[in-house]
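Colleague: I would like a close look at one part of this model, namely its pairing of aromatic rings, and I would be glad if the answer also set that part in the context of the chain around it.

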Amino acid sequence: MDELSVKTQQMFDEFSKQIFADGALSEKMKAIIAVAVVHVTQSPRCTDAHVRLALQLGATQEELIEAAWVAASMRAGAAFTHMRSMFPKLR
């Protein structure tokens, strides 16, 4: 990697550490949210990493499965809502 990429990666890593640190939401809750999000973005490598981290932070299998179902519902809901924009074009 070139110098700019290395520096940018370091900045991104620091940003992520700050975002995922305990705050109003616990580190565990943020990890569960990340698992839900990667089920929408569908990145296999990110899914592996975020599931592993969430489990290390004490998330249960049931919590992660529910988070994935919430993500599936949100994605389906968005598709349904977006479908409505098609109806005027069909007239």
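Modeller: What follows starts with the rings and then widens to the whole chain. The model is a predicted one, and every value below is computed from it.

The count of aromatic pairs comes to 1, and the two partners are F12 and F15, whose ring centres lie 6.3 Å apart while their planes make an angle of 40°. A pair of aromatic rings is described by the distance of the centres and the angle of the planes. For F12 and F15 the arrangement is classed as tilted, because an angle under 30 degrees would have counted as stacked and one over 60 as edge-to-face. Both residues belong to helix 1, which covers residues 3-20, and since they are 3 residues apart there, about one helical turn separates F12 from F15.

As for how much of each partner is accessible, F12 has a relative accessible area of 48% and is partly exposed, and F15, at 47%, is likewise counted as partly exposed. Neither value reaches the class of exposed residues, because that class asks for over 50% relative accessible area. For the chain taken as a whole, buried residues make up 16% of the 91 residues, and the exposed surface comes to about 7,300 Å², with carbon and sulfur atoms supplying 63% of it.

The helix that carries the pair is one of 4 in a chain with 0 strands, and the order along the sequence reads α-α-α-α. The chain is more spread out than a compact globule, because its radius of gyration is 17 Å, well over the 12 Å that the globule rule gives for 91 residues. Its C-alpha trace spans about 55 × 40 × 25 Å along the principal axes. Among the contacts between residues at least 6 apart in sequence, 50% join residues that are at least 24 apart.

A reference point elsewhere in the chain is Q61, which lies in helix 4, residues 61-83, and counts as exposed at 57% relative accessibility. From Q61 to K17 the C-alpha to C-alpha distance is 24 Å, with their positions 44 residues apart in sequence.

On the side of charge, the chain holds 10 positive and 10 negative side chains, and the centres of these two sets lie 13 Å apart.

How values were computed. Residues are numbered from 1 along each chain as its sequence is written. This is a predicted model: local features need pLDDT of at least 70, side-chain atom pairs count only at pLDDT 80 or more; totals for chains, interfaces and linings use all residues. Side-chain values use heavy atoms; hydrogens and water are left out. Helices (H or I, at least four residues) and strands (E, at least two) are DSSP runs, numbered from the N terminus. The radius of gyration is taken over C-alpha atoms; the globule rule is 2.2 Å times the number of residues to the power 0.38. Buried means under 20% relative accessible area, exposed over 50%, partly exposed in between (1.4 Å probe, protein chains only). Contact means heavy atoms within 4.5 Å. Accessible areas come from the Shrake-Rupley method with a 1.4 Å probe; for residues, only the protein chains shown count as cover. Lys and Arg count as positive and Asp and Glu as negative; His and the chain ends are not counted. The place of a charge is taken as NZ of Lys, CZ of Arg, CG of Asp or CD of Glu. Rings of Phe, Tyr and Trp (its six-membered ring) pair if their centres lie within 6.5 Å; planes under 30 degrees apart count as stacked, over 60 as edge-to-face and the rest as tilted.
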